[in-house]
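Me: Please take a close look at one part of this model, the contact between the chains, and follow it into the packing behind it.

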Amino acid sequence: MSEATGVIHDIGYQRYTGPRLGRRQVFGALYGHGLRTVFGLGRSAKAKIFPWLVVAVVTVVAAGLTAVRSQIGQVVLTYAQFADAMSWLVIFFVAVAAPELVSRDLRSGVLPLYFSRPLPRGDYALAKLAALITALWLLLGGPQLVMFLGAAFTTSRGMRGVWDELLDLLPGLLYAGLWAVVFASIGLLVASLTGKRAFAAGGIVAVFLMTTPVVGVLSIMPSRTVNELAFLASPSSLVSGVGTWALGDLLTQGQEGGIPIGGFGPVYAVVALLLVAACVSLLLLRYRKVAAR
Amino acid sequence: MTLLATESLTKTYGGRVTALADLTVSVEPGIIGLVGANGAGKSTLIKILLGLLPPTTGRVRVLGLDPTTDPAAVRARVGYMPEHDALPPDLSAAELVTHLGRMSGLPRTVARERASEALRHVGLHEERHRAVGGYSTGMKQRVKLAQALVHDPDLLLLDEPTNGLDPAGRDAMLALIHRIGTEFGISVVVCSHLLGEVERICDTLVAIDGGRLLRADRVAAMTTATDVLAVEVSEGTDELAARLAALDLPVSRDGRLLLVPLADDHTYDLILGAVAELDLPLHRLDQRRHRVAELFAPREPSHV
């Protein structure tokens, strides 16, 4: 009998014999998924509102700064100062993004589905961390690029002016990276402790904002050493301190600015490094425990 | 090939709570029922098989691999369906299963195709694009099964797959598991605290209690010897016993009950016929339900 045409056959279950990707590609897939999650891509419209609102605000500010600069010919905020000025927005962005990345998975109980797959449990945490760092860096670096393009196209000194502008931009991007690493590691660690997104967001904001008054109090103490070390007490001022020490004039471009840390620059750098290392270790430890449950 | 093998497997938590005690068992591919009361150590055993928990002492092999030293290789070939709710409510089933397929190392397009296939096999069609939060319990269980199937494993570990399902849902889930085990060529370990449920679809039963092996055997070897019909009549028990004996049924007495080994459906007819002929008031006729611990009387661990 000849084959009947137009009949749909149930082809049944088919085994998969094609390639299976390794650890690195799986890590990449999870990283990409995390990055999309932060900006609400592939998710509901509601999840997109906040991230894109923040992106809009920083972009508009950057565009405004560029416009003002091209009109009055004066730099209102340098690239690094822009990052400093946007820090409060970054805090709120982390407070929303970090719980979105990890608290949701904790609450829905989806982690056993991840950890029963080849992916090592540390990779899960590190991929999420890398995604958050990238997102924050894009958030701060993207507008800097807008400012750079604006300045580059309006420069009156030709290629020489563009090159100078680029040399100003690079430390700014580096500084944005520092913000991203410190804020992402602290934020993700706090968020990984609870499955309730509201608690996680509150916790993150608390960690960043409640430490600021401590800096205020310490910096009016009647001791110069204490004053100069005061900025260690809060993550935001810690980052500023490291920036002031490592990039110095590059950040302020000769303007007033930076914070008075005296000769304690290396201390700030070491503390920042230890802080990030501690947060990442605790994060990995946290997932070791979660997975064993 | 041996599917799973454990040797003197012991797991204690904090040196006090013993979850598994000296468990030695070895099973061949097929559909395996892992039965035991809640807290018998079933979930602990599954976590050790997946390499998520290290055993305190003893050895374990899954598909010829050692999950304690090479967990990634084991997990690449195993699919796991957890007991508890494990689905993010705001993702659609298709998105979730695709993502988890990629987490198992499938390339992007393959993951999408296989996710649709897996969801089709478990009986989710158009619903797969809706958010999981609006699914019924039965549909959620199917999604959990689909995500375990998406990367084409050689072994499925299903932890209480019929939990929370109504009788029709249970039957559908069991039929699906049976189909996966027989038609798909994938071995399945089904954990359950309900023996009556898994014995219908399994070729092998492993019973554990308090972390110890009660018995492991082929279902065929067990049920023929153990299925018993209990008959109770309000009067004339002796007459009925004599009549049944005359019909060549090996009848025995247990108080007011007559116990008749169940050979096949014909046994029912014979008993009912005898009761009707003698015109006795039949009080009860049912298949005797064995409790797990009763059926799996402790004995030496056996090799199946």
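**The contact between the chains and the packing behind it**

Reply: In this predicted model, the contact draws 28 residues from chain A and 30 residues from chain B. On the side of chain A that touches chain B, helix 1, helix 4, helix 5 (111-115) and helix 12 (265-292) each contribute at least two residues. Sorted by class, that side of chain A holds 16 nonpolar, eight polar and four charged residues.

Two of these contributors, helix 1 and helix 4 of chain A, also pack against each other. Helix 1 (residues 23-38) and helix 4 (residues 87-108) of chain A meet at an angle of about 135°, and their axes lie 9 Å apart. Helix 1 of chain A is therefore oblique to helix 4 of chain A, and the crossing of the two is right-handed. Here G34(A), T37(A) and V38(A) of helix 1 meet A97(A), E100(A) and L101(A) of helix 4. The residues of this helix contact comprise three nonpolar, two polar and one charged.

From this helix pair the packing can be followed to L132(A). Its neighbours within four places in sequence aside, L132(A) is in contact with V38(A), A97(A), A98(A), L101(A), A184(A), G187(A) and L188(A). L132(A) is also among the residues with the most contacts inside the largest nonpolar core, together with A98(A), L136(A), W179(A) and V97(B); this core has 150 residues. Helix 7 (residues 158-191) of chain A provides its largest share, 15 residues. A second core, separate from this one, has 10 residues, including L244(B), L258(B), I271(B) and A274(B).

Technical notes: Residues are numbered from 1 along each chain as its sequence is written. Chains are lettered from A and ligands numbered from 1 in the order in which they are written. This is a predicted model: local features need pLDDT of at least 70, side-chain atom pairs count only at pLDDT 80 or more; totals for chains, interfaces and linings use all residues. A nonpolar core is a set of buried Ala, Val, Leu, Ile, Met, Phe, Trp, Tyr and Cys residues joined through C-beta atoms within 7 Å. A residue is buried if 20 or more other C-beta atoms lie within 10 Å of its own, exposed if 12 or fewer, and partly exposed in between; C-beta atoms are placed from the backbone. Helices (H or I, at least four residues) and strands (E, at least two) are DSSP runs, numbered from the N terminus. Two residues are in contact if their C-beta atoms, placed from the backbone, lie within 7 Å. Axes are lines fitted to C-alpha atoms, for helices over the stretch in contact, and angles run from 0 to 180 degrees between N-to-C directions. Angles under 35 degrees count as roughly parallel, over 145 as roughly antiparallel, 65 to 115 as roughly perpendicular and the rest as oblique. A crossing is left-handed if the near helix is turned anticlockwise from the far one by less than a right angle, and right-handed if clockwise. Ala, Val, Leu, Ile, Met, Phe, Trp, Tyr, Cys and Pro count as nonpolar, Asp, Glu, Lys and Arg as charged, and the others, Gly among them, as polar.
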